[in-house]
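Good morning, colleagues. I would like to walk through one structure with you, beginning with a single side chain and ending with the whole fold.

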Amino acid sequence: MNKIMTSALLGATLLASAQSAAASDKIDVGLLLPYGGVYASLGKEIEGGFMQAIEESGMADKFNIIKEDTEVKPPVGLAKARKLVLQDKADVLVGLVSSGVLGAVRDFVDGAKVPLIVANAGNTAATGAKCSPYITRVSFSNAQVNRPMGQWMYDNGIRKVYTLAPDYAAGHQMIEAFTKGFEAAGGKIVGGTYTPFRKTKDFGPYLTTASASDADAVFTFYAGGEAIAFVKQYDAFGLKKDKPLYGSGFLTSPLYVKAQGAAAKGVVTSLHYAPTLDTAENKKFVSVFKDKNGRSPSEFAVQGYDAGRSLVEAVKTGATDREAIAKALPTVSYTGPRGPMKIDPKTNNVIQNIYVYETIEMNGTLTQKVLGTIENVQDGVNGCKM
Ligand code: BEZ
């Protein structure tokens, strides 16, 4: 009996060590995304874009991908990051959608010295006062996307604005950046509200207050399920005519603009990507994505794709362990679907174009008409010490 148990144990040990040897032969990638909650569709889209880049690289056999669901909850995100790093021994983490979740995992990632490629969460502090040589962001910062829109709206005749956004880090940072840009241009913010995040289903009371203000326009940030509900209710309230709706482009993302329908028509926003960008790199990306998914890619797909492509480029330099990957990531630069992109070595945030686009209807389909391009938008150092 003892012999049988001993040999069974030995077999199990051999299997375990064979498995861990196999896992350590590959680069273990911890994919940290929300698969539930208001940002669930964003997580799935980022994963799709990431896998597209890995498959396209011809290096898929070099990576072992372990997925974890952060939901949209900072403590859950932190617990999953710890599990991926301490238990699964991930060589690199990729993902994060919510600024709140990024804020929660930042100190752990920095302390554990594990490279993190941020594929969405715009938390401005993560590439500012709370920057880290282990955090490289290929998506955007909340300030970067919204700051240029202040000047653009002023130049287009808007003088007074009312703001609305969810009450968490991203909502505050996006509105603060827009406000700075708009006031610097000469505009005035006449009021604003932060709505309870993940809890607001009925925007009616907030829309009533916005409607009663003497604003020329409303500027907002909402994304995912909240963006769908907000844009539909704004239209149903009949506000669009009197107070045109502006925002950061997540508001009318191609990922869910179909669910918003005609309510999204005429909404003008700023973002680092639109699937209608007329470049060879984008056309190629859109065509492959469309063949796979039967629809146009969103900014979330592109962010996942650029996270995957940056990882591949870093590995091509010979980097395979945590330290080497962290060092290689900020050196990656190329012209991709969104245009030229490179990482600012002072902050590890991406430098990229910001596009102003209007959602229009063409041949019975909602699409994105690019109205303007602000080139190579770069954040300030904002207290970052690398
Ligand atoms: C954020 O929390 O940083 C965020 C979430 C969804 C879209 C854009 C930003």
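With which side chain does the side chain of Asn 349 make a polar contact? The model before you is predicted, and in it the partner is the side chain of Gln 144, at 3.4 Å.

Let me place both residues. Asn 349 belongs to the loop that runs between β12, residues 339-343, and β13, residues 350-362. Although it sits in a loop, Asn 349 is buried, because its relative accessible area is 2%, under the 20% cut-off. Setting aside neighbours within four places in sequence, Asn 349 is in contact with residues that include Thr 127, Arg 137, Phe 140, Ser 141 and Gln 144. The list also includes Lys 342, Ile 343 and Asp 344, together with Asp 379. As a point of reference elsewhere in the chain, Gly 224 is 125 residues from Asn 349 in sequence, and the two C-alpha atoms are 23 Å apart.

Gln 144, for its part, is one of the buried residues of helix α5. How enclosed is that helix, which spans residues 142-155? Of its 14 residues, 10 are buried, so α5 is largely enclosed by the rest of the structure. Besides Gln 144, the buried set includes Asn 142, Ala 143, Val 145 and Asn 146. Further along the helix, Pro 148, Met 149, Gly 150, Trp 152 and Met 153 are buried as well. After α5 comes Gly 157, with a positive phi near 95°.

That brings me to backbone angles. Most residues other than glycine have a negative phi. Two residues here merit attention on that account. Leu 96 has a positive phi, near 75°, and is not a glycine. Asn 363 is likewise not a glycine, and its phi is positive at about 50°.

Are these two residues buried or exposed? Leu 96, in the loop between β3 (92-95) and α4 (99-112), is buried, since its relative accessible area is 1%. Asn 363 lies in the loop between β13 and β14, the latter covering residues 365-377. Asn 363 is exposed, because its relative accessible area is 76%, over the 50% cut-off.

Leu 96 also leads us to another buried loop residue, as it is among the contacts of Thr 70. Thr 70 is found between β2 (63-69) and α3 (74-87), and it counts as buried because its relative accessibility is 2%. Beyond its neighbours within four places in sequence, Thr 70 is also in contact with Leu 32, Leu 33, Pro 34, Val 76, Gly 77 and Val 101.

Let me now step back to the protein as a whole. It comprises 12 helices and 14 strands, and 54% of its 386 residues count as buried. Its radius of gyration is 22 Å, which agrees with the value near 21 Å for a compact globule of 386 residues. Along the principal axes, the C-alpha atoms fill a box of roughly 85 × 45 × 45 Å.

Of the contacts between residues at least 6 apart in sequence, 69% join residues at least 24 apart. The exposed area is about 15,600 Å², of which carbon and sulfur atoms supply 54%. Finally, there are 42 positive and 37 negative charges, and their mean positions are 2 Å apart.

Thank you for your attention.

Definitions and conventions:
Residues numbered from 1 in each chain as written. Predicted model: local features only at pLDDT ≥ 70, side-chain atom pairs only at ≥ 80, totals over all residues. Heavy atoms only, no water. Helix = DSSP H or I, 4+ residues; strand = E, 2+ residues; numbered from the N terminus. Rg over C-alpha atoms; globule rule 2.2 N^0.38 Å. Buried < 20%, exposed > 50% of the residue type's maximum accessible area, 1.4 Å probe, protein only. Contact = heavy atoms within 4.5 Å. Areas by Shrake-Rupley, 256 points an atom, 1.4 Å probe, with all protein chains shown as cover. Lys, Arg positive; Asp, Glu negative; His and termini not counted. Charge placed at Lys NZ, Arg CZ, Asp CG, Glu CD. Polar contact = N/O pair within 3.5 Å; in protein donor to acceptor, adjacent residues only side chain to side chain.
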